[in-house]
Amino acid sequence: MTRKPIAISDSANFYVSCERLFDPTLKDAPVIVLSNNDGCAVARSDAAKALGVKMGEPLHLIRDKVEAHGIRVFSSNYTLYGVMWNRMKHRAVC
């Protein structure tokens with residue numbers, strides 16, 4: 001019997017992690033990535049979660065929190081995330 005390899009990936013905050021690859025100053029910063037049309041938080045760093053930013057929370061409701069705590073806000077970049085996801089899958093298989 002041939003066994004196929006399996007991989008387990010802990011991809012918490014994946015979109016935030018992708019953004020951090022290109023900007024090392026984000027390492028310990030509170031970061032959120034927004035949904036299409038920059039409506040809601042769809043990814044949050046641990047620091048942003050600690051500040052009380054909830055998943056799916058609309059940006060217009062947390063604007064004061066973003067400004068008060070210097071939360072870095074990014075528009076989602078699904079092309080980048082797709083490329084990084086494919087690279088991660090490829091490395092897991094190789």
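**A friendly note on the aromatic cluster and the sheet**

1. Let's start with the rings. Phe14, Tyr15, Tyr78, Tyr81 and Trp85 are joined into a cluster by ring pairs. Please keep in mind as you read that this is a predicted model. In the structure there are 5 aromatic pairs. Two of them are described below, and a general point helps with reading them: the distance of the centres and the angle of the planes describe a pair of aromatic rings.

2. How far apart are the ring centres of tyrosine 15 and tyrosine 81? They are 4.2 Å apart, and the planes of the two rings stand at 10 degrees, so this pair is stacked. Stacked is the word used here because planes under 30 degrees apart count that way. The pair links distant parts of the chain, with tyrosine 15 in helix H1 and tyrosine 81 in helix H4 (residues 78-93), 66 residues apart.

3. Is tyrosine 81 buried or exposed? Tyrosine 81 has 3% relative accessibility and therefore counts as buried, since buried means under 20%. Its stacking partner, tyrosine 15, has 25% relative accessibility and counts as partly exposed.

4. Now look at a second pair, tyrosine 78 with tyrosine 81. Their ring centres are 6.0 Å apart and their planes are at 85 degrees, so the pair is edge-to-face. Here the cut-off is that planes over 60 degrees apart count as edge-to-face. Both residues sit in helix H4, and because they are 3 residues apart, about one helical turn separates them. Tyrosine 78 has a relative accessible area of 37% and is partly exposed.

5. Serine 76 is a good residue to click on next. You will find serine 76 in the loop between E3 and H4, and at 18% relative accessibility this serine counts as buried. The side chain of serine 76 makes a polar contact with the side chain of tyrosine 78, at 3.4 Å. A polar atom of the serine 76 side chain also lies 3.1 Å from the backbone oxygen of leucine 34. Leaving aside residues up to four places away in sequence, serine 76 touches several residues, among them Val33, Asp38 and Tyr81.

6. Next comes the sheet. In what order do the strands of the open sheet run? The order is E2-E1-E3, with 3 strands and mixed pairing. Strand E2 (41-44) and strand E3 (72-75) are the edge strands, each pairing on one side only. On average, neighbouring strands of this sheet are turned by 25 degrees against each other, direction ignored. As background, strands of a sheet pair through backbone hydrogen bonds, either parallel or antiparallel.

7. Strand E1 (residues 31-34) pairs with E3 in the parallel sense, over 4 bridges. To trace one bridge yourself, begin at valine 31, whose bridge partner in E3 is arginine 72. Helix H1 (residues 14-22) lies across E1, E2 and E3 and runs at about 110 degrees to E1. Helix H1 is also where tyrosine 15 of the stacked pair is found.

8. One last stop is histidine 69, in helix H3 (residues 59-69). At 44% relative accessibility, histidine 69 counts as partly exposed. Which residues does histidine 69 touch, not counting residues up to four places away in sequence? The answer is Pro30 and Leu51. Histidine 69 and proline 30 are 39 residues apart in sequence, while their C-alpha atoms are 8.0 Å apart in space.

Conventions. Residues are numbered from 1 along each chain as its sequence is written. This is a predicted model: local features need pLDDT of at least 70, side-chain atom pairs count only at pLDDT 80 or more; totals for chains, interfaces and linings use all residues. Side-chain values use heavy atoms; hydrogens and water are left out. Two strands pair if DSSP finds at least two bridges between them. Helices (H or I, at least four residues) and strands (E, at least two) are DSSP runs, numbered from the N terminus. Axes are lines fitted to C-alpha atoms, for helices over the stretch in contact, and angles run from 0 to 180 degrees between N-to-C directions. Contact means heavy atoms within 4.5 Å. Rings of Phe, Tyr and Trp (its six-membered ring) pair if their centres lie within 6.5 Å; planes under 30 degrees apart count as stacked, over 60 as edge-to-face and the rest as tilted. Buried means under 20% relative accessible area, exposed over 50%, partly exposed in between (1.4 Å probe, protein chains only). A polar contact is a pair of N or O atoms within 3.5 Å; within protein, one must be able to donate a hydrogen and the other to accept it, and residues adjacent in sequence count only if both atoms are side-chain atoms.
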